[in-house]
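Open your viewer, switch on a cartoon view and get ready to click along. Each stop below tells you what to select and what you will find there.

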Amino acid sequence: MTEGLTGPFLMVVEDVFRHASRGVRGVRVTGQVERGRVRAGDEVEVVGFGGGAATVPVLAVEAGGLRAAEAGAGAGAGAGAGTNAGVVLPEAVAGALERGQVLAEPGTVGAHRHFFADLDVLAADQGGVELRDGEPLAVYLRAATVTGTMALLKGTEVLRPLHQGSVAVALEHPVPVERGQRFAVRHAGRAVGSGTVTGLSR
């Protein structure tokens, strides 16, 4: 996964608001710019939770709470990878937007329900527990929280605290996922581990 200042635009959807200001009506999406940059007039794709494949124009951009020419990496003082920004989109997409999606340069990020990963289980005194095949999990990917199940790979029967193993994760809903992406998991309401995505499957 391309990270930092370079690479195609990707912004995490954290909050969604109605917007009407300076003659521009639409829906304002706020969140963290993970990479790249965006300008008014650009096309972005809404990815995740069934919102994918919708490519829409950017009506306006905000950086630091103010209207800006662009937001994201290299956009000037206070901007860059990991910078919070606002993007105004047409009102027509308001019903398709929700926390946990991403706005991305069209065709650069996919939504997936299945992926492979290396999972590290926390120490027992930090909340780690034994994890077995088919365990239900709450999976945290960027701002998305999705119910999923885990299948152990390579003949492993159980993952114990402080152990690492290869797993296949099946999610309840498709979310934006990329190779190399970090994620966290909770089991029975408690944080039990974290992992890195190693492969993708639809």
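## The whole chain

Of the 202 residues in the protein chain, 45% are buried. Keep in mind as you look around that this is a predicted model. Colour by secondary structure and you should find 19 strands and zero helices. Contacts reach across the sequence as well: among those between residues at least 6 apart, 69% join residues at least 24 apart.

## Stop 1: strand β5 and its two partners

Select residues 43-47, which make up strand β5. This strand is mostly covered, with four of its five residues buried. Now add residues 54-57, strand β6, which runs antiparallel to β5 and is joined to it by four bridges. To see one of the paired positions, show Val44 of β5 with its bridge partner in β6, Val56.

Next, bring in β11, residues 102-104. β5 and β11 also pair in the antiparallel sense, here over three bridges. Show Glu45 and you will find Ala104 of β11 standing opposite.

## Stop 2: two buried loop residues

Stay with β11 and trace the loop that links it to β10, residues 83-89. Val93 lies in this loop, and so does Ala94. Are these two residues buried or exposed? Val93 counts as buried at 12% relative accessibility, and Ala94 counts as buried at 17%; the cut-off for buried is under 20%.

Show the side chain of Val93 and look at what surrounds it. Leaving aside neighbours within four places in sequence, Val93 is in contact with Val27 and Val56. You met Val56 at the previous stop as the bridge partner of Val44. If you draw a distance from Val93 to Gly26, C-alpha to C-alpha, it should read 8.7 Å, although the two are 67 residues apart in sequence.

Do the same for Ala94. With neighbours within four places in sequence set aside, Ala94 is in contact with Arg18 and Val27. From the C-alpha atom of Ala94 to that of Val29 the separation is 9.5 Å, and these two residues are 65 apart along the chain.

## Stop 3: strand β14, face by face

Select residues 135-141, strand β14, and show the side chains. In a regular strand the side chains alternate between the two faces of the sheet. Which residues of β14 point to the buried face? Glu135, Leu137, Val139 and Leu141 point to one face and are buried, while Pro136, Ala138 and Tyr140 point to the other and are not.

Add strand β15, residues 144-152, which pairs with β14 in the antiparallel sense over seven bridges. Glu135 has Met150 as its bridge partner in β15. Follow the chain from β14 into β15 and you trace a hairpin with two residues between the strands. In that turn, Arg142 has a positive phi of about 55 degrees.

β14 also pairs with β18 in the antiparallel sense, over three bridges. Here, Ala138 stands opposite Arg186 of β18.

## Stop 4: an aromatic pair

With β18 still on screen, show Phe183 and then Phe115. How are the two rings arranged? They form an edge-to-face aromatic pair, 5.3 Å centre to centre with 70 degrees between the planes. The structure holds one aromatic pair. Phe115 lies in strand β12 (residues 111-121) and Phe183 in strand β18 (residues 182-187), so the pair ties together parts that are 68 residues apart in sequence. Both Phe115 and Phe183 are buried.

## Stop 5: a cavity

Rolling a probe the size of a water molecule over the atoms shows where empty space is left. Here the count comes to one cavity of 30 Å³ or more, and the space in the largest cavity is about 30 Å³. To find it, select the lining residues: Gly100, Val102, Leu141, Arg142, Ala144, Val175, Pro176 and Gln181. By class, that lining has five nonpolar, two polar and one charged residues.

## Stop 6: two loop residues with positive phi

Most residues other than glycine have a negative phi, and most peptide bonds are trans. Select Lys154, in the loop between β15 and β16, and you find a positive phi of about 60 degrees. Lys154 is exposed, with a relative accessible area of 75%.

Finish at Ala188, in the loop between β18 and β19. Its phi is also positive, near 55 degrees. Ala188 is exposed, with a relative accessible area of 72%.

Key. Residues are numbered from 1 along each chain as its sequence is written. This is a predicted model: local features need pLDDT of at least 70, side-chain atom pairs count only at pLDDT 80 or more; totals for chains, interfaces and linings use all residues. Side-chain values use heavy atoms; hydrogens and water are left out. Rings of Phe, Tyr and Trp (its six-membered ring) pair if their centres lie within 6.5 Å; planes under 30 degrees apart count as stacked, over 60 as edge-to-face and the rest as tilted. Buried means under 20% relative accessible area, exposed over 50%, partly exposed in between (1.4 Å probe, protein chains only). On a 1 Å grid over the protein atoms alone, a cavity is a set of points where a 1.4 Å probe fits but cannot get out, and a pocket is an open set with protein on both sides within 12 Å along at least five of seven lines; lining residues have an atom within 4 Å of a point. Grid points are joined across faces, edges and corners, and a volume is the space filled by probe spheres set on the points. Ala, Val, Leu, Ile, Met, Phe, Trp, Tyr, Cys and Pro count as nonpolar, Asp, Glu, Lys and Arg as charged, and the others, Gly among them, as polar. Two strands pair if DSSP finds at least two bridges between them. Contact means heavy atoms within 4.5 Å.
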